[in-house]
Structure formats: structure tokens, C-alpha cells
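Hello,

I am handing over a structure that may be new to you. Please open it first, then read my notes beneath.

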Amino acid sequence: MSEARASFGYPIFLDLQGRLAVVVGAGPVGLRKVDGLLQAGAQVRLIDPQEPVSCMDNLEFLAREFEESDLQGATLVFACTDKKNINAQVADAARRQSVFCCRADLPEDGDFALPALFRQGALTVAVSTGGGSPTLAAEMRDRLQRHVPDCWGVSLDLMAAVRRKWLTLPNGAQYNQQVLRRFWAEQLLPQLEQKNRNKINQLLIETFGKEFSLEQLQVQLPEGMS
Ligand SMILES: C[C@@]1(CC(=O)O)c2cc3[nH]c(cc4nc(cc5[nH]c(cc(n2)[C@H]1CCC(=O)O)[C@@](C)(CC(=O)O)[C@@H]5CCC(=O)O)C(CC(=O)O)=C4CCC(=O)O)c(CCC(=O)O)c3CC(=O)O
Ligand SMILES: NC(=O)C1=CN([C@@H]2O[C@H](COP(=O)(O)OP(=O)(O)OC[C@H]3O[C@@H](n4cnc5c(N)ncnc54)[C@H](O)[C@@H]3O)[C@@H](O)[C@H]2O)C=CC1
């Protein structure tokens with residue numbers, strides 16, 4: 001890897017809800033970025049002189065070439081055209097306006113890169129190769145995904161609900177990380193694998209107290225749990 005190549009060393013999970021993200025270029029690459037942004041609840045402005053075949057109606061589409069003023073109010077911009085000079089123009093405009101830029105064709109001229117992802121409920125696993133090999137990032141993501149059982153997502157919902165409740169108890173109960181890790185691995189996961197709703201409920205009450213029943217935690221278990 002050359003000196004100039006960015007390694008995108010600082011991983012971060014952003015809350016983009018209601019924030020403006022601009023995507024320049026509506027080819028397959030731009031549309032992939034749009035898809036992820038909409039899933040994250042961002043407000044999206046997509047710019048391309050040619051309207052894509054499948055343009056979603058929940059975004060602002062500008063059927064023209066990019067202009068510097070398109071970045072006004074933006075939090076992020078993605079330069080995804082097939083023209084190097086236009087992507088360079090977008091990255092320069094972003095620098096001038098202090099907007100973080102992802103340049104799809106020349107990553108080292110941008111500020112950030114997207115990882116390959118999979119999600120299971122609130123659980124997100126993100127793989128980055130520091131821009132080195134996106135194909136390998138996707139392959140590694142696929143392999144990791146095969147090792148994550150279906151019940152991890154719901155186990156997270158339960159652990160998060162227990163934690164929230166715990167933290168808001170009047171005497172501010174302390175909890176021990178070691179205990180939580182063991183509870184999750186040795187008790188909760190095996191019961192979730194058995195899909196036995198009553199036993200899970202009993203386990204929660206016995207471990208944390210009667211106010212930690214499934215009903216009081218307001219966590220929905222997936223269909224098919226007896
Ligand atoms: C730096 C980065 C910036 C960014 O775009 O965020 C970037 C840059 C570049 N990608 C290129 C090519 C391809 N990228 C993909 C796919 C993905 N690319 C994604 C991320 C990133 N790509 C960031 C680094 C991530 C990391 O650290 O590894 C993924 C993970 C996430 C996403 O896009 O959402 C998504 C996986 C989707 C999924 O399966 O989930 C495919 C395959 C395909 O399209 O199916 C190809 C063609 C095959 C190949 O070349 O490998 C090229 C050469 C372009 C050219 O030829 O001109 C560049 C530019 C360069 O490297 O110079
Ligand atoms: N980062 C990534 O994940 C990947 C990046 N790439 C890079 O991304 C670039 C785009 O890839 P594709 O979407 O496949 O290309 P594409 O050619 O299908 O789409 C590019 C779009 O940009 C638009 N465009 C051109 N000039 C414009 C302007 N001045 N303002 C606004 N829009 C303009 C075009 O009308 C076209 O719709 C490729 O050239 C390649 O360098 C390619 C694969 C993956």
C-alpha cells in the first residue's frame with residue numbers, strides 16, 4: 001500500500017436521522033450508497049443529469065449536473081460519477097464547505113469509506129479493509145455472517161432492555177460485565193436456541209428480579225417460540 005493511500009483508521013457509527021446526505025451520480029454505485037443512507041433515516045439529495053430507472057420517491061432528485069451549492073446544509077457527500085474531474089470537483093467543494101466526502105473512484109482524495117455490512121436487528125457487523133480490497137471486505141462479511149446464529153439479534157434486544165431497566169432502577173444498581181457476559185453465553189443463548197419462551201422468562205426473573213419479565217421488558221420474541 002502506498003504512502004498516499006488512506007487507511008480510514010477511525011471507525012464510527014453515525015446517527016444520520018434527518019440529516020442531509022448528498023449523492024452525486026446515480027449509477028449502480030451511487031444508488032447503493034443511497035440505499036444505505038435511506039435505511040439509516042438520512043434525508044437524501046441525489047444529483048444526476050440522467051434519471052435512474054428505479055428512482056425512489058422518498059428522496060430529492062435533481063436532474064442536472066453537480067453544482068457547488070448542492071452541498072449547502074449537507075453532513076456527508078458521496079462522489080460517485082464516472083468522471084474523475086467531476087468527482088474531484090465534488091471533493092474540493094466538500095473540503096471548502098467542511099463536509100465529509102467519500103470519493104468512490106479515488107478513496108485517498110476523500111475522508112471516509114463505507115464498510116461491507118450485515119445486520120441482525122440492532123446488531124451491525126461492519127468489515128473494512130481500509131480501502132485495500134472491497135471484494136475481500138464483502139467476502140469476509142459473508143463468512144462472518146455464516147457464523148452468527150439467528151438468535152444473536154434477539155439476544156441483543158433482551159440484553160439491551162435488561163441494561164436499560166437496570167440503569168434506571170432507583171438505587172442505580174451496579175452490574176458486573178463478567179456476570180453479563182457469562183449470563184449471555186452460558187444461559188441466555190442456550191435457552192434462545194431451545195426456543196422456549198417460558199424458560200427464557202423464568203431465567204430473566206430468576207437472574208435479575210421479577211420486574212424483568214419478558215412482558216415488562218417489552219421485548220418481542222420471534223415467531224415460533226413456544
Ligand atoms: C474505499 C471504498 C470507498 C467507498 O465507496 O465507500 C471503495 C472504493 C472502491 N471500490 C471499488 C470497486 C468495487 N467496490 C465494490 C463493492 C463495495 N465497495 C464498498 C466499499 C468501498 N469501496 C470502500 C472501501 C471498503 C473497504 O475498506 O474495503 C462496499 C464494501 C460497501 C458499499 O459500497 O456500500 C461494497 C460491498 C457491497 C456489498 O457486497 O455489501 C465492488 C463489488 C461490487 O460492486 O459488487 C467493486 C468492483 C470489484 C473490485 O474492484 O473489487 C473501486 C474500484 C473502482 C474502479 O474500478 O474504478 C474503488 C476505488 C479504489 O479502490 O480506488
Ligand atoms: N466505491 C465503490 O464501491 C465503487 C466505485 N466504483 C467507481 O465509481 C464510479 C461510478 O460507478 P457506476 O455507478 O458503476 O458508474 P455509472 O457510469 O453507471 O454511473 C455514473 C453516473 O454519474 C453521472 N454523472 C456524470 N457526470 C455527472 C455530473 N456532472 N453530475 C452528476 N452526475 C453525473 C452519470 O450520468 C451516471 O449516471 C466508477 O467510475 C468507478 O470509478 C466502481 C465500483 C464500486
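Here is what was found, starting with the domains and then taking each ligand in turn.

Keep in mind that this is a predicted model.

Domains

The assignment splits the protein chain into domain 1 (20–113), domain 2 (115–148) and domain 3 (151–217). Between the C-alpha centres of domain 1 and domain 3 there are 42 Å.

Ligand 1

There are 20 residues around ligand 1. Those that come nearest are Pro-107, Leu-114, Thr-129, Pro-134 and Ala-137. Two domains take part: domain 1 and domain 2 each provide at least three residues of this shell. Two helices are worth finding in the view. Helix H1 (28–39) supplies at least two shell residues, and so does helix H3 (134–146). Of the contributors, H3 gives the most, with four residues. As for chemistry, eleven residues of the ligand 1 shell are nonpolar, seven are polar and two are charged.

Ligand 2

Around ligand 2 there are 21 residues. Here Gly-25, Gly-27, Val-29, Asp-82 and Asp-105 come nearest. Which helix gives the largest share of this shell? That is H1, with three residues. By class, the ligand 2 shell holds eleven nonpolar, five polar and five charged residues.

One last pointer for your first look. H1 is a good place to begin, as it supplies residues to the shell around ligand 1 and to the shell around ligand 2. From there, move to H3 for the ligand 1 side.

Best wishes

Note on methods. Residues numbered from 1 in each chain as written. Chains lettered and ligands numbered in written order. Predicted model: local features only at pLDDT ≥ 70, side-chain atom pairs only at ≥ 80, totals over all residues. Near = placed C-beta within 6 Å. Nonpolar A, V, L, I, M, F, W, Y, C, P; charged D, E, K, R; others polar. Domains from an automatic or database assignment.
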